[in-house]
Amino acid sequence: MNNCIFCKIIKKEVKSDLVYEDEEVIGFNDIYPKSPVHILVVPKKHIQSVNVLKDEDKELIGKMVLVARDLAKERNIFETGYRLTFNTGKDAGQTVDHIHLHLMGGKKLLFA
Ligand code: AMP
Ligand code: ZN
């Protein structure tokens, strides 16, 4: 997508603090971290949000969860716990219209 910041990160047109990459998915540190570990796991395919997921995206979404789980292990928050979040739409505070999975941990997360 032309004006999508995450597509630009994927194409390396915009710099990011990359922590994971394969042919389908990237992971990078959130620019405004809300916890000691705050990584965004993002598919290379531009999908706007959970609302428009298709059956054919099932494996990709599953893969994102497994990549996040493995990153949690790598960052030593596997045992202490972590949160995986897909913010979807306005009331959830979705600000980037390219689906992404937040991996947050490294402290007690008090909000719901
Ligand atoms: P959301 O509010 O769920 O749409 O999450 C978007 C997240 O992307 C926010 O936590 C932002 O801090 C983060 N973000 C926005 N632009 C960038 C960027 N250029 N590099 C890294 N993270 C970003
Ligand atoms: Zn995009």
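**Exercise 1. Classify L53 by its exposure and describe its surroundings in this predicted model.**

Solution.
Step 1. The relative accessible area of L53 is 31%. Buried means under 20% and exposed means over 50%, so L53 is partly exposed.
Step 2. Next comes the position in the chain. L53 belongs to the loop that runs between β3 (37–43) and α2 (58–74).
Step 3. The contacts follow. When neighbours within four places in sequence are left aside, L53 touches I47, I61 and I99.
Step 4. Finally, consider a distance. D97 stands 44 residues from L53 along the chain, and the C-alpha atoms of the two residues are 13 Å apart.

**Exercise 2. Determine whether H38 is buried or exposed, and identify the polar contacts of its side chain.**

Solution.
Step 1. H38 is part of strand β3.
Step 2. The relative accessibility of H38 is 2%. Because the limit for a buried residue is under 20%, H38 counts as buried.
Step 3. Two polar contacts involve the side chain of H38. In one of them, a polar atom of this side chain lies 3.0 Å from the backbone nitrogen of K34. In the other, the partner is the side chain of H102, at 2.8 Å.
Step 4. The list of contacts can then be extended. Apart from neighbours within four places in sequence, H38 is in contact with F28, N29, D30, Y32, P33, H102, L103 and M104.

**Exercise 3. Describe how the protein surrounds ligand 1.**

Solution.
Step 1. Begin with the residues. Ligand 1 is surrounded by 17 residues, and the closest are D30, N87, G93, T95 and H102.
Step 2. Turn to the space itself. Ligand 1 takes up the largest pocket. Two elements each give two or more residues to the shell around ligand 1, namely α1 (5–10) and β2 (25–29). The most is given by α1, with three residues.
Step 3. Examine the polar backbone atoms. An oxygen atom of ligand 1 is 2.8 Å from a backbone N or O atom of G93. For V96, a backbone N or O atom is 3.1 Å from an oxygen atom of ligand 1. A nitrogen atom of ligand 1 lies 3.1 Å from a polar backbone atom of I31.
Step 4. Assess the cover. Ligand 1 exposes 510 Å² when taken alone, and the protein buries 87% of that area.

**Exercise 4. Which residues have a positive phi although they are not glycine, and are they buried or exposed?**

Solution.
Step 1. K12 has a positive phi of about 65° and is not a glycine. N76, also not a glycine, has a positive phi of about 60°.
Step 2. Locate each residue. K12 is in the loop between α1 and β1 (18–21), and N76 is in the loop between α2 and β4 (82–85).
Step 3. Compare each accessible area with the limit of over 50% for an exposed residue. K12 has a relative accessible area of 52% and is therefore exposed. N76 has a value of 65% and is therefore exposed.

**Exercise 5. Classify G62 by its exposure and place it in the structure.**

Solution.
Step 1. G62 is located in helix α2.
Step 2. The relative accessible area of G62 is 32%. This value falls between the limits of 20% and 50%, so G62 is partly exposed.
Step 3. Relate G62 to V50. They are 12 residues apart in sequence, and their C-alpha atoms are 13 Å apart in space.

Note on methods. Residues are numbered from 1 along each chain as its sequence is written. Chains are lettered from A and ligands numbered from 1 in the order in which they are written. This is a predicted model: local features need pLDDT of at least 70, side-chain atom pairs count only at pLDDT 80 or more; totals for chains, interfaces and linings use all residues. Side-chain values use heavy atoms; hydrogens and water are left out. Helices (H or I, at least four residues) and strands (E, at least two) are DSSP runs, numbered from the N terminus. Buried means under 20% relative accessible area, exposed over 50%, partly exposed in between (1.4 Å probe, protein chains only). Contact means heavy atoms within 4.5 Å. A residue is near a molecule or strand if one of its heavy atoms lies within 4 Å of it. A polar contact is a pair of N or O atoms within 3.5 Å; within protein, one must be able to donate a hydrogen and the other to accept it, and residues adjacent in sequence count only if both atoms are side-chain atoms. Accessible areas come from the Shrake-Rupley method with a 1.4 Å probe; for residues, only the protein chains shown count as cover. On a 1 Å grid over the protein atoms alone, a cavity is a set of points where a 1.4 Å probe fits but cannot get out, and a pocket is an open set with protein on both sides within 12 Å along at least five of seven lines; lining residues have an atom within 4 Å of a point. A molecule sits in a cavity or pocket if more than half of its atoms lie within 2 Å of its grid points.
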